[in-house]
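Q: Hi, could you walk me through this structure? I have a few quick things to ask.
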Amino acid sequence: MNHKVQNQTINFIWGIADDVLRNVVKRGKYRDIILPFTVIRRLDVLLENTKDKVLETYEFLEKQEIEDKTTLYQVTKYPFYNHSKFTLSTLLNDPDNIESNLENYLDGFSDNVQEIISKFKLRNQLETMAEGNITYSLIEKFVSKDINLSPNISLNTKGEKLPALTNLGMGYVFEELIRKFNEENNEEAGEHFTPREIISLMTNIVFLPIKDKLKNNQQLSIYDPCCGSGGMLTESEKFAHELNDTLNFSLYGQESEGETYAICTADMLIKDKNPEHIYHGSTLSRDGFPTKKFEFMLSNPPYGKSWKNDYDYIVGDKKEIHDPRFYVGVPRSSDGQLLFLMNMVSKMVDSTELGSKIASVHNGSSLFTGDAGSGESEIRKHIIENDLLEAIIGLPKNMFYNTGINTYIWVLTNRKEKKRKGKVQLIDATEIYSKMRKSLGSKSYELKNEHIKQITNLYLDFETTQQSKIFDNEDFGYHKITVERPLRLKVQFTLTAIESLRYDSALTEFMKLIYERYKDKVYIGLKDEKKSIEKYFEENEIKVKPAELKKLFDIKLWENQRYLQDIANKLFEVFKDEIFMDYNLFIKDFDKELKKLDIKLSAAEKKKILNAISSKDENAKRVIKKVHKSSVEKEPELYGLFVDGKNFVEYESDSELRDYENIPLKEDIEEYFKAEVLPHVDDAWINKDKTLKGYEISFTKQFYKFTPLRDVEKIEEDIKKAFESSAQLLKELGL
């Protein structure tokens, strides 16, 4: 079937919407009727030749009370059937009962078609059609002799031959209808429809490098974990067949949105593909193909979309990842796009010469969001360190229907060419595009065939140019080191410090409010005042957690704090208000005095008193944490072990002075620290236990183009002209 006839078929069906549905159905809802009826009419004509035999077999099965109706598949020679006595054409023989007969006809389809009808929510439209009195005219249009959706040649009303519509041709017709409806409804198109030129670019990138490795009659698979209406699957198969038409492909996909799943399943059905290879449900929480591996995987996962609904299935109550696809880490719950990528990585074939190839579209956050140790960084680390990342292609803005942001194609493979091993190619295609005459939602740019060829050649050439740069895998990695500085405390007993011990530090604000109102009554009990206190908090919009509220009414808490106050007062009589700038010496005297007073404190109680009377002071001595007899470090002071005679002193770190440095993997950590950190803070050290390795891809940074600032003289000249223009205008206005 040639493109001219295909387009005539598409235009005819498109015209049905305007001819029949106008003023009955909203324009944005035309597809809810046209798409399912297009599918049903295709199935209808495929089943025409075996209709009588199906009815005969079905009647026999019913009489024999045989529930299993799979025998009907053998009769139709298709993976579907319809046991209703009606066809779409015979429905027109009884106009008065066409609505009820149509329902009977729909009920006659096999379960797999019933699921498509259900997900399309077609039965919800039947009442609208009946109320608008368009059921007859709609069916009449679809069975018209002026359109041929049959795999056989037919004659139109003029007696002219209409070419047969093959499965491939029917698939093209259906896809074009989907595209036209999605572009018409551009505000929601981006959710499940990727522009065809983007898919075309992805298929070029995926298949061209390995075209010589594709063998005649080879059985291969293509998978899309968020397949939408199936465009990625069908277009990639179509492109591969252009390279080698003997290839046999199995198409697999998963889609969570019901109607879109129905469209994809219907598309598979009318192309004689296995509709059972399309799975309905969330890929993240319900993997439809847990044991399958695929040679080719293409996707455009949702970005910036929460995966909280899937969280419990992946992470669980104990915050431990129990889904093996995501064992390396999970991103923040507000954006799950990298989970889709890891899902595909987990399905890469590793037992064949061909291996697997992945192309996946993401926004910029996948490149750099997440610090070292985060789920996002760990995913990038896994992909890059396993040498799976082949290239990232930066696309122009405004390429998608529902977003104008920067997007990028990730290209992964587990069979890199020799020249690509250990390398990653970044391609800046952000300026390669044509402007559209009319925008479709956010989509105002498009890729022509020459643009696709240009970008593909940049990828295939694998050379360093202005738009293509080659990096080592390690260039995207860094060590994040934690830079510690010593805690310096001065100590002094003051009345204010002692008074603060009346309150638990975590509940100071609440306890202070209560004490000011009830004074020493807090040590007797506040049960009688509970309602009054709760009302006070509520009226003053003071938010108190239930657990905190429970503590506030606990007499023991108040008594324990008063006990600490009493001890602090006794120690105040010994130390007075003397200031100690060496915490290490003070703590020895502190312990001696407690022993003299025969006071035994728990570690927590002792800490509360010391916290109350201590404060940070940059002029104070460093607080010693521990003294070591020896060190295994080459340069111990870099890691917080400072030489003191024959010993090595480890100091407490000050969390408020803690800082972090990202050091490229190719740089030596110690050399960097000595050159970049110590000259500014000579008492700093590296917390070796907290050093992390992270990965990020600074795409924009690598292709940054400096724009020179304007000359000062030109700026002054423009300002002078602006003043002169303003003065002239004021003069003309007489001001």
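Q: Which residues form a nonpolar patch on the surface?
A: Ile715, Ile719 and Phe723 do, with about 300 Å² of accessible area together. Areas come from the Shrake-Rupley method with a 1.4 Å probe, and for residues only the protein chains shown count as cover. Patch members have over 30% relative accessible area and no salt bridge, with nonpolar side chains (Val, Leu, Ile, Met, Phe, Trp, Tyr) joined within 5 Å and like charges within 9 Å. A salt bridge is a side-chain nitrogen of Lys or Arg within 4 Å of a carboxyl oxygen of Asp or Glu.

Q: What should I know about the source?
A: This is a predicted model, where local features need pLDDT of at least 70 and side-chain atom pairs pLDDT 80 or more, while totals for chains, interfaces and linings use all residues. Residues are numbered from 1 along each chain as its sequence is written, and side-chain values use heavy atoms, leaving out hydrogens and water.

Q: Is Ile715 buried or exposed?
A: Ile715 is partly exposed, at 34% relative accessible area; buried means under 20%, exposed over 50%, and partly exposed in between (1.4 Å probe, protein chains only).

Q: Switching topic, how many disulfides are there?
A: Zero, a disulfide being two cysteine sulfur atoms within 2.5 Å.

Q: Why is Cys226 not in a bond?
A: Because the closest cysteine sulfur, in Cys227, is 7.9 Å from the Cys226 sulfur, which is too far.

Q: And what about Cys227?
A: Cys227 is in no disulfide either, and its nearest cysteine sulfur, in Cys264, is 3.8 Å away. Cys227 is buried, with a relative accessible area of 4%.
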